[in-house]
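Please open the structure in your viewer and keep the sequence panel beside it. This tour goes from one helix outwards to the whole protein, telling you what to select at each stop.

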Amino acid sequence: MLHRTGVAGQAGLAQPRNASPVLCDHGPVAGRLAAKVVIVTGGASGIGWAVARRAVAEGAAVVIGGRRPQAGAEAAARLRAEGGQALFTAADVTVERDARGLVEAAVSEFGRLDGAVNNAGGVNAGGPVHATEDAAWQADLAQNLTSVFYCLKYQIPAMAAAGGGSVINNASIGGARGIPGMAGYVAAKHGVVGLTRSAALENAGRGVRVNALVTGNVDTPLYRRLLGVAPGDPLPGPAPNPSGRVASPEEIAAFAVFLLSDEAAFITGAALAADGGSTAQ
């Protein structure tokens with residue numbers, strides 16, 4: 001298959017005409033995501049990177065979107081070096097233009113869009129509600145909720161045009177329970193679950209499935225930052241969930257790839273937990 005590789009500009013708009021053509025001839029593509037095109041936001045590290053790598057291993061062409069050009073370009077290059085098809089597009093999905101440009105990049109590069117994992121997010125405010133600054137509150141909403149809205153706004157029509165698809169929004173356990181000191185993040189993630197369910201109902205007849213993934217304690221850079229644990233250092237244990245342990249990003253990626261695949265064709269509008277039993281308490 002002939003495809004182009006390259007890095008788009010900072011605005012998130014693809015520049016395929018400036019990319020160098022690369023011929024990939026690895027024989028027939030096999031796997032649960034064979035011939036599918038998948039966007040992963042925040043795909044340069046943590047859960048996003050694990051999803052991107054697993055999706056490529058299952059046959060998908062992956063478009064990584066993110067705000068860190070060097071990390072994103074290196075992630076896409078690594079996937080290509082492993083024999084996959086991957087593109088990085090610089091995009092801040094809290095900006096509508098960038099969310100649109102990310103979808104345009106996928107369709108321009110690979111001809112269609114079949115799946116998306118809206119994983120980008122973060123924690124901006126810490127402390128009780130009464131002590132939270134407005135700027136931190138607004139940043140939490142923008143990074144964790146408005147970004148998902150912008151992505152869905154452009155991903156859904158592209159998938160419908162391709163005959164259907166699957167969207168996964170990372171809601172985290174913040175979408176299903178309260179967390180003291182993280183009100184902005186929790187409010188945004190609860191909003192992601194509601195947005196997911198509404199979008200799923202609106203698009204079930206068009207073959208576009210939309211689900212939320214409720215992830216618990218996962219060994220990611222963000223999780224380590226929140227705990228103050230350096231990369232490579234052991235995490236404190238036991239983890240605060242019934243399983244007593246922290247998941248690896250690869251465990252979450254395995255579940256995400258199932259939801260992206262046709263094996264999950266009857267699942268839509270759900271908030272599905274992969275959290276070691278945390279939200280069952």
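**A helix with two sides**

Begin by selecting Gln-70 and Ala-81, which are exposed (over 50% relative accessible area, where under 20% is buried and in between is partly exposed, with a 1.4 Å probe and protein chains only) on the other side of helix H2 from its buried residues. Residues are numbered from 1 along each chain as its sequence is written. The model is predicted, so local features need pLDDT of at least 70 and side-chain atom pairs count only at pLDDT 80 or more, whereas totals for chains, interfaces and linings use all residues; side-chain values use heavy atoms, leaving out hydrogens and water.

Now select Gly-72, Ala-75, Ala-76 and Leu-79, the buried residues of H2. They lie on the same side of H2 because the arc they cover around the axis (taken from the directions from the helix axis to the C-beta atoms) is only 95 degrees. An α-helix has 3.6 residues a turn, so residues three or four places apart point the same way.

Next, add helix H1 (46-57), strand E4 (61-66) and strand E5 (85-90), which are among what covers those buried residues of H2. Just after H2, select Gly-83, whose phi is positive, at about 100 degrees.

**The whole protein**

Finally, show everything: the protein has seven helices and nine strands, these being DSSP runs (helices H or I, at least four residues; strands E, at least two) numbered from the N terminus. Of the 281 residues in the protein, 47% are buried.

Definitions and conventions
Contact means heavy atoms within 4.5 Å.
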